[in-house]
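User: I've got a model loaded and I'd like to talk through how its pieces fit together. Can we go through it question by question?

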Amino acid sequence: MKRFFSLIAVFLITGIVVADSQVLDKPGDWVRASMFNDGVGKLSGKGYRFLETSAMMPIVSGTQYTVSAEVRGESGKVEICSINLALYDAQKKLISTYSVYSVKNTETALVAEAPAGSDTVKIKDGANWKTSGYIAFDVKSDFSDLPNRNTMEIKSVEKNEIILKKPLEKTWPADTAVRQHKWGQLWLGHDAAVKSPGGEWTKISGVINGIVSKGVVKSGQFWPGAAFFRVIIHYRGADEQSAVEVKNVTVNAVTPNQSIFL
């Protein structure tokens, strides 16, 4: 891993601002090391592919992170290439979008006990529930339950009856608070993606800081409970001849009073 630090001391009322940069350009920096050689990563083929960094990076409160890379299309048609992040909690467990992304005005409670093994749940008010998504159990009105790991995928919604894709793994008592959640993704902004990259190197980058609140996933903000992240390079190819190359994947962090990559 090429590692260097640029220390920019700016004396402000708030103190010293420190900017640290980390370049991920070695095979060992990536989970699929064979796909990253001589400082260049390669993704190819039809459909979705991704490169993921091996190390988890800590999320420091008050820090702004800029993640950038250079990409180019090698052949065929690359539909899109983008930078994303995978987020993990303090125990380094992956945080899924549907554990934090709620559907507005869907808080309600169970009418009756929902026993383990059942694939049907009855709720008191399903007026604002969508026909698909997830049901989250034991929710809190202040969203302090996020990330909520007690979720089950919904097959269908029929008024106040929720049909699940899989049977419940545990029993939930009557009056357990629930809400609907949905799937989404961590989006770093339009500059973090490029459609149909050509043969010339093109820089893409995204900025992220702060924590989202009230169960809404917003562009450029971390999810509740996030303590670590990995960088993900996503790619979607139109055919088997499609390919993209990636280089100079860099994480830059600006934080007051401390260096985070020590």
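**A polar pocket of contacts, then sheets, cores and charges**

User: Which backbone nitrogen lies 3.0 Å from a polar atom of the side chain of T106?

Analyst: Keep in mind that this is a predicted model. T106 sits in the loop between strand 8 (78-88) and strand 9 (108-109), and its side chain has a polar atom 2.7 Å from the backbone oxygen of V103. At 3.0 Å from a polar atom of that side chain, the backbone nitrogen belongs to Q180.

User: Is T106 buried or exposed?

Analyst: Beyond four places away in sequence, T106 touches N128, W129, V178, R179 and Q180. The relative accessible area of T106 is 1%. Buried means under 20%, so T106 counts as buried.

User: Which strands stand at the edges of the open six-stranded sheet?

Analyst: The sheet order is 9-14-11-12-13-10, with antiparallel pairing. An edge strand here has a single partner, so one of its sides has no neighbour in the sheet. That applies to strand 9 and strand 10 (120-122).

User: What is the bridge partner of K122 in strand 13?

Analyst: Strand 10 runs antiparallel to strand 13 (residues 161-164), and three bridges join them. For K122, the partner in strand 13 is E161.

User: How many residues are in the core that lies apart from the largest nonpolar one?

Analyst: The largest nonpolar core has 42 residues, and Y65, L85, L87, F222, F229, V231 and I233 touch the most other members. Strands 7, 8, 16, 17 and 18 each supply at least two residues of this core. Apart from it lies another core, with V121, I135, V157 and W172 among its members, and its residue count is 15.

User: How many residues of strand 17 are buried?

Analyst: V231 touches, among others, L24, W30, L51, V67, I83, L85, V249 and V251. Strand 17 as a whole is mostly covered. Of its ten residues, the buried ones number eight.

User: Which residue stands opposite L87 in strand 17?

Analyst: Strand 17 runs antiparallel to strand 5 (residues 47-52), with six bridges, and F50 stands opposite H234 there. Ten bridges join strand 8 to strand 17, again antiparallel. Opposite L87 in strand 17 stands F229.

User: With which residue does E245 form a salt bridge?

Analyst: Searching the whole structure turns up ten salt bridges. The pair with E245 has its closest N and O atoms 2.7 Å apart. E245 is buried at 12% relative accessible area, while its partner counts as partly exposed at 27%. That partner is R72.

User: How many residues apart are E79 and R236?

Analyst: Their side chains meet in a salt bridge at 2.5 Å, N to O. E79 is partly exposed at 28%, and R236 is partly exposed at 27%. E79 is in strand 8 and R236 in strand 17, and the separation along the chain is 157 residues.

User: What is the relative accessible area of R179?

Analyst: E107, D145 and R179 are linked in a network of salt bridges, and the side chains of D145 and R179 meet at 3.0 Å, N to O. The D145–R179 pair links distant parts of the chain, 34 residues apart. D145 counts as buried at 12%. R179 is buried too, with a relative accessible area of 0%.

Terms used:
Residues numbered from 1 in each chain as written. Predicted model: local features only at pLDDT ≥ 70, side-chain atom pairs only at ≥ 80, totals over all residues. Heavy atoms only, no water. Helix = DSSP H or I, 4+ residues; strand = E, 2+ residues; numbered from the N terminus. Buried < 20%, exposed > 50% of the residue type's maximum accessible area, 1.4 Å probe, protein only. Polar contact = N/O pair within 3.5 Å; in protein donor to acceptor, adjacent residues only side chain to side chain. Contact = heavy atoms within 4.5 Å. Pairing = 2+ DSSP bridges. Core = buried A, V, L, I, M, F, W, Y, C linked by side-chain atoms within 4.5 Å. Salt bridge = Lys/Arg side-chain N within 4 Å of Asp/Glu carboxyl O.
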